[in-house]
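Please read the points below with the sequence and the structure open beside you. They are meant to be checked one at a time.

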Amino acid sequence: MKTIDPSIYNDFYFREIEGHEDYYVFAKVKKIVEDIFKGKVGSALDVGCGRGEALKMLAEKDWECTGVDYSPSAITRAKKNLKDFRVNLEARGVPQIIYPDKAFDLVLFLNVWEHLNDSEIDQFFTHLVKFIKKDGIFIIQTSPTRYQVRLGHFFLKFLRVRPASLDWHVNEQSFFSFSDKLRKYGFSGKVLMERMPNFWASQVEGKYAILKNMARLMDFIIDSRVGRFLVDHYPLNLFFATDLWAVVSLKEADN
């Protein structure tokens, strides 16, 4: 099964991806943490921490933070971004993501799942169920979704455009595979699909002017009131949802 060389996540990659100022994932995580912990703090681990946006958000609230990423470029950038905070940052691949039992109250796994193959995901979960506290919270977000990717790639193939994401996405999930994996390792809680507005145009480079305009038209249609009603409900949401989210814990598990 395909794995991704960490070197692809170089400094250029982390300059190009969106920042937390306009990136809704971190804003959503902040609200989830506030709603669940209600001002209480503890120990947090961000797996695939990237440039450290989520860690900064937690460190500002006095969480005891650890960030791990298998890209040396990510860790270098995170250290610069978090130089004013006491955050433990480590360059580790999946086999090294091992911590003492019941070490963390909160574990984040944001935009990481799609970059790891199934064997790596299973290895991570095997370790996770040991180092997350029994009542700890595990927040996962992965994008894009499996059937959305297949729909998008169908159109791109027809237009003879190679998706750039093929270089760094190896494991998109459906709602069903995502939920099944969480249940397999004893996690329970809220699992949902979401759709980010204006998504399709955001995925097309400006150099493809005609394709970009087609994507904008598609966004206009599906973001309309009628469009939202259709694509945000089953079964079309399987193809148009952009993100899978889970907020789960091991509370009902035996281990």
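1. What distance should the 14 residues of helix α9 (residues 209–222) span at 1.5 Å a residue, and how far apart are its end C-alpha atoms? Please keep in mind throughout that this is a predicted model. At that rise the helix should span 20 Å, and because its end C-alpha atoms are 20 Å apart, the expected span and the model agree.

2. Which residues of α9 are buried? They are L211, K212, A215, D219 and I222. Seen down the axis of α9, these buried residues fall within an arc of 100 degrees, so they line one face of the helix. A general rule helps here: an α-helix has 3.6 residues a turn, so residues three or four places apart point the same way. On the other side of α9, by contrast, I210, L217 and F220 are exposed.

3. Further along the chain, V226, F229, L230, L236 and F239 form a nonpolar patch on the surface, and together these residues have about 490 Å² of accessible area. Helix α10 (residues 225–231) gives the most to this patch, contributing three residues. Another member of the patch, F239, is found in helix α11 (residues 237–240). Because its relative accessibility is 35%, F239 counts as partly exposed, a class that lies between under 20% for buried and over 50% for exposed.

4. Is G227, which lies in helix α10, buried or exposed? With a relative accessibility of 7%, G227 counts as buried, because the cut-off for that class is under 20%. If residues up to four places away in sequence are not counted, G227 touches I221 and I222, and I222 is itself one of the buried residues of α9.

5. Two peptide bonds deserve a careful look. The bond from S143 to P144 is cis, with omega near 0 degrees, and P144 has its place in the loop between β5 (132–142) and α6 (146–158). The bond from Y234 to P235 is also cis, with omega near 5 degrees, and P235 lies in the loop between α10 and α11.

6. Finally, please check two backbone angles. K38 is not a glycine, although it has a positive phi of about 50 degrees; its place is in the loop between α2 (24–37) and β1 (43–47), and K38 is exposed, with a relative accessible area of 68%. N111, which is not a glycine either, has a positive phi of about 55 degrees, and N111 is found in the loop between β4 (104–110) and α5 (118–131).

Terms used. Residues numbered from 1 in each chain as written. Predicted model: local features only at pLDDT ≥ 70, side-chain atom pairs only at ≥ 80, totals over all residues. Heavy atoms only, no water. Helix = DSSP H or I, 4+ residues; strand = E, 2+ residues; numbered from the N terminus. Expected span 1.5 Å × (residues − 1). Buried < 20%, exposed > 50% of the residue type's maximum accessible area, 1.4 Å probe, protein only. Arc of directions from axis to C-beta. Patch = residues over 30% accessible without salt bridge, like charges linked within 9 Å, V, L, I, M, F, W, Y side chains within 5 Å. Areas by Shrake-Rupley, 256 points an atom, 1.4 Å probe, with all protein chains shown as cover. Salt bridge = Lys/Arg side-chain N within 4 Å of Asp/Glu carboxyl O. Contact = heavy atoms within 4.5 Å.
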